[in-house]
Amino acid sequence: MALIAPFQQQLMATVKAARDSGGPQRAVQACQELAPQITHEHSGGSWQIGRTALRVRNPDNAPDAWERKVLEQFRQRAAAGEQLEQMRYAERVDGELRLMKAIPTAEACLACHGHAVEPELAALIDQYYPEDQARGFEVGDLRGAFTLRRAVK
Ligand code: HEC
């Protein structure tokens, strides 16, 4: 959990700074260029950190079988009334400790992940991510999850 907060903050601050300086299009470029780099930088020490989702924008973020199972489980837990904010799951799998924490969709995400993405922005997203599946979300939907793993003896 201590690794997730600064990772999330840096992603958000990077998007916000890019949007303030060059509008939503610059923000998409910042996500495209910098999100993988920020992800790499935060995979410090023994933990590897990333983001995944059932519907991804960047195919590099596609879930593996275990992550898919946990995301499905998060969706069911949310449907049963549990809040996404605190939702997490950890398990020891094949010599690794694996952990996921749900990411809810917030108002600030809709410009790029909502139903009504502005045409210019949508065109840019299509250009970078021709197979984008990460649109059509509403506030409170499960957008995805942080995913962490490290080897255990
Ligand atoms: C300026 C546009 C923009 C905004 C605003 C934005 N995103 Fe994204 N998002 C992107 C782009 C571009 C990617 C692909 C970048 C990558 O991870 O390589 C992405 C990727 C993601 C991913 C990784 C899984 C995937 O689909 O590839 C998650 C999770 C995510 N965004 C959640 C959020 C949440 C939650 C918010 C609001 C708090 C948000 N995003 C706001 C553009 C945006």
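Modeller: In this predicted model, helix H1 gives the most to the shell around the ligand, with 6 residues.

Colleague: What makes a residue part of that shell, and how many residues surround the ligand?

Modeller: A residue counts as near the ligand if one of its heavy atoms lies within 4 Å of it. By that test, 20 residues surround the ligand, and the closest are Arg57, Cys109, Cys112, His113 and Arg143.

Colleague: How is the shell around the ligand divided by class?

Modeller: The shell has 14 nonpolar, 3 polar and 3 charged residues.

Colleague: Why is His113 called a donor to the iron atom of the ligand?

Modeller: A donor must be an N, O or S atom within 2.8 Å of the metal. The NE2 atom of His113 is 2.2 Å from the iron, so His113 meets the definition. His113 is the single donor from the protein, and histidine 113 has its place in helix H3.

Colleague: What makes the approach of arginine 143 to the ligand a polar contact?

Modeller: The cut-off for a pair of N or O atoms is 3.5 Å. An N or O atom in the side chain of arginine 143 is 2.6 Å from an oxygen atom of the ligand, so the pair qualifies. The side chain of asparagine 58 likewise places an N or O atom 2.7 Å from a ligand oxygen. For arginine 57, a polar backbone atom is 2.7 Å from an oxygen atom of the ligand.

Colleague: Where does the ligand sit?

Modeller: The ligand occupies the largest pocket. Helix H1 (4–42), strand S3 (96–104) and helix H3 (110–113) are the elements that give two or more residues to the shell around it.

Colleague: Which elements make up the protein, and in what order?

Modeller: There are 4 helices and 4 strands, running α-β-α-β-β-α-α-β from the N terminus on.

Colleague: Why is the protein called as compact as a globular protein of that length?

Modeller: Its radius of gyration is 16 Å, close to the 15 Å that the globule rule gives for 153 residues, so the description holds.

Note on methods: Residues are numbered from 1 along each chain as its sequence is written. This is a predicted model: local features need pLDDT of at least 70, side-chain atom pairs count only at pLDDT 80 or more; totals for chains, interfaces and linings use all residues. Side-chain values use heavy atoms; hydrogens and water are left out. A polar contact is a pair of N or O atoms within 3.5 Å; within protein, one must be able to donate a hydrogen and the other to accept it, and residues adjacent in sequence count only if both atoms are side-chain atoms. On a 1 Å grid over the protein atoms alone, a cavity is a set of points where a 1.4 Å probe fits but cannot get out, and a pocket is an open set with protein on both sides within 12 Å along at least five of seven lines; lining residues have an atom within 4 Å of a point. A molecule sits in a cavity or pocket if more than half of its atoms lie within 2 Å of its grid points. Ala, Val, Leu, Ile, Met, Phe, Trp, Tyr, Cys and Pro count as nonpolar, Asp, Glu, Lys and Arg as charged, and the others, Gly among them, as polar. Donors are N, O and S atoms within 2.8 Å of the metal (3.2 Å for Na, K and Ca); water is not among the atoms, so sites may look incomplete. The radius of gyration is taken over C-alpha atoms; the globule rule is 2.2 Å times the number of residues to the power 0.38.
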